[in-house]
Amino acid sequence: MITCYAMAIADRINSVNEKIIRAARKSSTDPDTIKLIAVSKTVDAQKITDALYGGVKILGENRVQEAKVKISELRSQNADWDMEWHLIGHLQKNKAKAAVQLFDMIQTVDSVDLAEELDSQARKFDKIQRVLVQVKLAAEETKHGVAESDVMAVLEKVTALDYLKLEGLMTIPPFFDDPEEGRPYFRKLREIAVSAREQGFSIDELSMGMSNDYEVAIEEGATMIRVGTAIFGERDYRE
Ligand SMILES: *Cc1c(COP(=O)(O)O)cnc(C)c1O
């Protein structure tokens with residue numbers, strides 16, 4: 001049964017998709033190349049199911065423990081659904097094993113140490129783990145990520161690991177009320193991607209942009225946007 005809530009979620013997804021199309025056209029990008037990640041942290045399984053019915057195919061979670069419960073519930077209820085789960089929150093090394101078991105993609109590789117741990121866990125499960133390297137573009141105490149000056153060295157190391165598949169870069173700029181203020185950060189990540197490609201690294205994905213600034217991020221070259229509030233509504237604040 002489609003509840004009123006489901007309709008609200010489906011409507012919100014449609015409106016996000018329309019904005020994706022508009023922003024992509026503005027930058028002469030094929031809208032079909034932009035992947036929408038519905039960020040489902042703090043959201044219950046029912047609403048996530050509603051989002052799947054609304055056409056979402058990729059879900060993003062920021063905590064391993066919380067994701068573990070939801071992913072097994074969602075996968076068992078919707079065994080035939082084509083869905084992917086991405087880790088978008090900081091990962092501690094001691095949770096690398098669980099993360100490899102749970103996530104199709106880990107977007108938050110922020111050190112060589114973590115990359116090596118993920119590689120050795122992935123090896124045990126004979127899994128090729130898809131990853132993004134998280135880049136930190138602003139000096140904020142609370143945010144994780146590789147400093148710009150270290151990016152190429154980290155990409156070199158990640159690329160050399162047999163059980164990791166490097167697919168691109170991710171960043172979380174500071175929050176601004178005015179989405180235009182995020183633009184220089186998105187542009188910066190794209191520039192880093194360009195020079196990484198010139199050095200031979202395979203960088204297909206740029207994960208950047210959230211509910212309030214994904215259109216700007218798409219204009220600057222985002223291929224993955226991480227959208228929570230604009231799909232599921234306001235969360236009880238918890239990061
Ligand atoms: C919570 C979160 C998002 C989604 O934020 P919204 O503003 O709700 O769209 C995106 N990326 C990361 C890393 C997050 O933690």
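When I say that one residue touches another, I mean contact, that is, heavy atoms within 4.5 Å. With that settled, here is the structure. It is a predicted model, and everything that follows is computed from it.

I will start in the interior. Leu-169 touches a long list of residues, even without counting those up to four places away in sequence. From the stretch 132 to 155 the list has Leu-132, Val-133, Val-135 and Leu-155. Further along the chain come Leu-189, Ile-192 and Ala-193, and then Ile-203, Glu-205, Leu-206 and Ser-207. Glu-205 is a charged residue by class, and Ser-207 is polar.

That list fits with the place of Leu-169 in the core. The largest nonpolar core has 67 residues, and Phe-103 and Leu-169 are the members that touch the most others. Which helix gives the most to this core? Helix α1, residues 4–26, does, with six residues. There is also a second core, separate from that one and made of six residues, including Ile-37, Ile-58, Met-105 and Met-224.

Next, helix pairs. Two packed helices are described by the angle between their axes and the distance between the axes. I have two pairs to show.

The pair I take up now is α2, residues 45–53, with α3, residues 64–77. Their axes come within 10 Å and cross at roughly 50 degrees. At that angle α2 and α3 are therefore oblique to each other, and their crossing is right-handed. On the α2 side the contact is made by Ala-45, Ile-48, Thr-49 and Leu-52, and on the α3 side by Lys-70, Glu-73, Leu-74 and Gln-77. By class these are four nonpolar, two polar and two charged residues. An α-helix has 3.6 residues a turn, so residues three or four places apart point the same way. With that in mind, look again at Ala-45, Ile-48, Thr-49 and Leu-52 on α2.

Burial in α2 takes in those four contact residues: Ala-45, Ile-48, Thr-49 and Leu-52 are buried, and Asp-50 and Ala-51 are buried as well. After α2 comes Gly-55, with a positive phi near 110 degrees.

Trp-81 belongs to this part of the story, since it touches Leu-52 and Tyr-53, again leaving out residues up to four places away in sequence. Trp-81 sits in the loop between α3 and β3. Is Trp-81 buried or exposed? Neither in full: its relative accessible area is 32%, so it counts as partly exposed. For a sense of distance, Trp-81 and Gln-121 are 40 residues apart along the chain, and their C-alpha atoms are separated by 27 Å.

The other helix pair is α6, residues 151–160, with α7, residues 183–198. Here the axes come within 11 Å and cross at roughly 50 degrees. These two helices are therefore oblique to each other, and the crossing of α6 and α7 is right-handed. Val-151, Met-152 and Leu-155 of α6 make the contact with Ile-192, Ser-195 and Ala-196 of α7. The contact has five nonpolar residues, one polar and no charged ones. Leu-155 and Ile-192 were also on the list of residues that Leu-169 touches.

Staying on α6 for a moment, Ala-153 lies in this helix. Its relative accessibility is 48%, which makes it partly exposed. The C-alpha atoms of Ala-153 and Ser-40 are separated by 32 Å, with their positions 113 residues apart along the chain.

Two loop residues have a backbone angle worth pointing out. Ser-28, in the loop between α1 and β1, is not a glycine but has a positive phi of about 50 degrees. Ser-28 is exposed, at 71% relative accessible area. Thr-42, in the loop between β1 and α2, also has a positive phi without being a glycine, near 65 degrees. Thr-42 is partly exposed, at 31%.

My last residue is Glu-220, in the loop between α8 and β9. Its relative accessible area is 4%, so Glu-220 is buried. What does Glu-220 touch, not counting residues up to four places away in sequence? The answer is Arg-183, Phe-186, Arg-187, Arg-190 and Met-208. Met-208 is 12 residues from Glu-220 in sequence, and the C-alpha atoms of the two are 9.4 Å apart. The three arginines on that list are Arg-183, Arg-187 and Arg-190.

Notes
Residues are numbered from 1 along each chain as its sequence is written. This is a predicted model: local features need pLDDT of at least 70, side-chain atom pairs count only at pLDDT 80 or more; totals for chains, interfaces and linings use all residues. Side-chain values use heavy atoms; hydrogens and water are left out. A nonpolar core is a set of buried Ala, Val, Leu, Ile, Met, Phe, Trp, Tyr and Cys residues joined through side-chain atoms within 4.5 Å. Buried means under 20% relative accessible area, exposed over 50%, partly exposed in between (1.4 Å probe, protein chains only). Axes are lines fitted to C-alpha atoms, for helices over the stretch in contact, and angles run from 0 to 180 degrees between N-to-C directions. Angles under 35 degrees count as roughly parallel, over 145 as roughly antiparallel, 65 to 115 as roughly perpendicular and the rest as oblique. A crossing is left-handed if the near helix is turned anticlockwise from the far one by less than a right angle, and right-handed if clockwise.
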